[in-house]
Amino acid sequence: MSTQIADATSLVDYIKSFTGSSNDDEIKQCIYLAELMMRNIELPALRTDPYTTIGIANDQGFVPIPSDMNKPIIFFNQGNPGGTPGSGPWIVYDRIGDRDIITEELIQNNYLTPVNIPAVYRGKFGEVGQVYEFIPMLTEGQNINMYYYQTWPLLFSLDSQNNPIETNAVLQSWSEGYVYGTLHNYYAKRKNNEDATYWRAKFDDAWNTVEDQNNKGKWSGGHNRLTSVFQPRKDRRFTAR
């Protein structure tokens, strides 16, 4: 399908050919509605490289939330507390809520002074306003490796040069989402409930396939002692082997 739909114009032509419609504006409206259905899709093409997407702490120890972030995956610190990167301590941060992160900030001075110092700490982070706050607190200029899903531009919206956007990572890697979502919204707009339901089921099945692949990637192989970064948990520290 991706060979048939290389860009936004090809997508419009494909939908018009499939439905028999001749109304470009109507098809573009349905594409937009499909995009709203896909805003939180977790595709490999939308993942950042955590070794190049680096957050830098400000003078308060906070890291601004990247403008292109859709959903965090995991943040970690390779060990650079004002010294040589990689010298420790090494911290993997668990995501917790804003109330918890503010509460635990009050005792963060004791966070790196346990009785038995482990090789890897389980730190924490949470959103407070427009920044991320971390426990243990960061010093100004400290780096955080940020691995997350990026936002993606909508088709036919304007780029920085005021040119219409003809493609994006979702269309290139998951064109079935665009096709099924657009057809669902097209038939829903036409009050054809039977066809709308059929294409919504196709869309949901394709979405669930992506979600299933993501879950298998999180829980098979690798470090099975780590639980989801999206789940708040009790304080826990251990030595990673």
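What share of the contacts in the chain with a separation of 6 or more is accounted for by residues 24 or more positions apart? In the predicted model that I am presenting today, such residues account for 71% of those contacts, and I would like to keep that figure in mind as we go through the chain.

Let me start with the overall picture. The chain has 241 residues, of which 40% count as buried, and its exposed area is about 13,200 Å², with carbon and sulfur atoms supplying 49% of that area. The secondary structure amounts to 6 helices and 7 strands, and their order along the sequence is α-α-β-β-β-β-α-β-β-β-α-α-α.

A word on confidence before the details. The mean pLDDT of the chain is 83, and 78% of the residues reach 70 or more, but over residues 221–241 the pLDDT is below 50, even though this stretch has 45 contacts in the model beyond near neighbours in sequence. Where pLDDT is low, predicted coordinates should not be read in detail, and I will therefore say nothing further about that segment.

Turning to the beginning of the chain, helix 1, which covers residues 8–19, packs with helix 2, residues 24–37, at an angle of about 110 degrees, and the two axes are 10 Å apart. Because roughly perpendicular covers angles from 65 to 115 degrees, helix 1 is roughly perpendicular to helix 2. On the side of helix 1 the contact is made by Leu 11, Val 12, Ile 15 and Lys 16, and these meet Asp 24, Ile 27, Lys 28 and Ile 31 in helix 2. Sorted by class, this contact contains 5 nonpolar and 3 charged residues, with no polar ones.

Now to the backbone, where three places deserve a careful look. Most residues other than glycine have a negative phi, and most peptide bonds are trans. Against that background, the peptide bond from Ile 135 to Pro 136 is cis, with omega near 0 degrees, and Pro 136 itself is found in the loop between strand 6, residues 131–135, and strand 7, residues 143–150. Phe 156, although not a glycine, has a positive phi of about 75 degrees; this residue sits in the loop between strand 7 and helix 4, residues 169–173, and is partly exposed, with a relative accessible area of 24%. Lys 191 also has a positive phi, near 65 degrees, and belongs to the loop between helix 5, residues 175–189, and helix 6, residues 193–219, where Lys 191 is exposed, with a relative accessible area of 67%.

Which residue, 157 residues apart along the chain from Ile 165, has its C-alpha atom separated from that of Ile 165 by 7.8 Å? The residue is Ala 8, and Ala 8 is also among the contacts of Ile 165 once neighbours within four places in sequence are left aside, the others being Pro 153, Leu 154, Leu 155, Phe 156, Ser 157, Leu 158 and Asp 159. Ile 165 lies in the loop between strand 7 and helix 4, and counts as buried because its relative accessible area is 14%, under the 20% cut-off.

My last residue is Pro 66, in the loop between strand 2, residues 63–64, and strand 3, residues 69–77. Is Pro 66 buried or exposed? Its relative accessible area is 19%, and so Pro 66 is buried, given that buried means under 20%. Leaving aside neighbours within four places in sequence, Pro 66 is in contact with Tyr 132, Met 146 and Tyr 148, whereas the C-alpha atom of Ile 54, 12 residues apart from Pro 66 along the chain, is separated from that of Pro 66 by 9.7 Å.

Definitions and conventions: Residues are numbered from 1 along each chain as its sequence is written. This is a predicted model: local features need pLDDT of at least 70, side-chain atom pairs count only at pLDDT 80 or more; totals for chains, interfaces and linings use all residues. Side-chain values use heavy atoms; hydrogens and water are left out. Helices (H or I, at least four residues) and strands (E, at least two) are DSSP runs, numbered from the N terminus. Buried means under 20% relative accessible area, exposed over 50%, partly exposed in between (1.4 Å probe, protein chains only). Contact means heavy atoms within 4.5 Å. Accessible areas come from the Shrake-Rupley method with a 1.4 Å probe; for residues, only the protein chains shown count as cover. Axes are lines fitted to C-alpha atoms, for helices over the stretch in contact, and angles run from 0 to 180 degrees between N-to-C directions. Angles under 35 degrees count as roughly parallel, over 145 as roughly antiparallel, 65 to 115 as roughly perpendicular and the rest as oblique. Ala, Val, Leu, Ile, Met, Phe, Trp, Tyr, Cys and Pro count as nonpolar, Asp, Glu, Lys and Arg as charged, and the others, Gly among them, as polar. pLDDT is the predictor's confidence in each residue, from 0 to 100.
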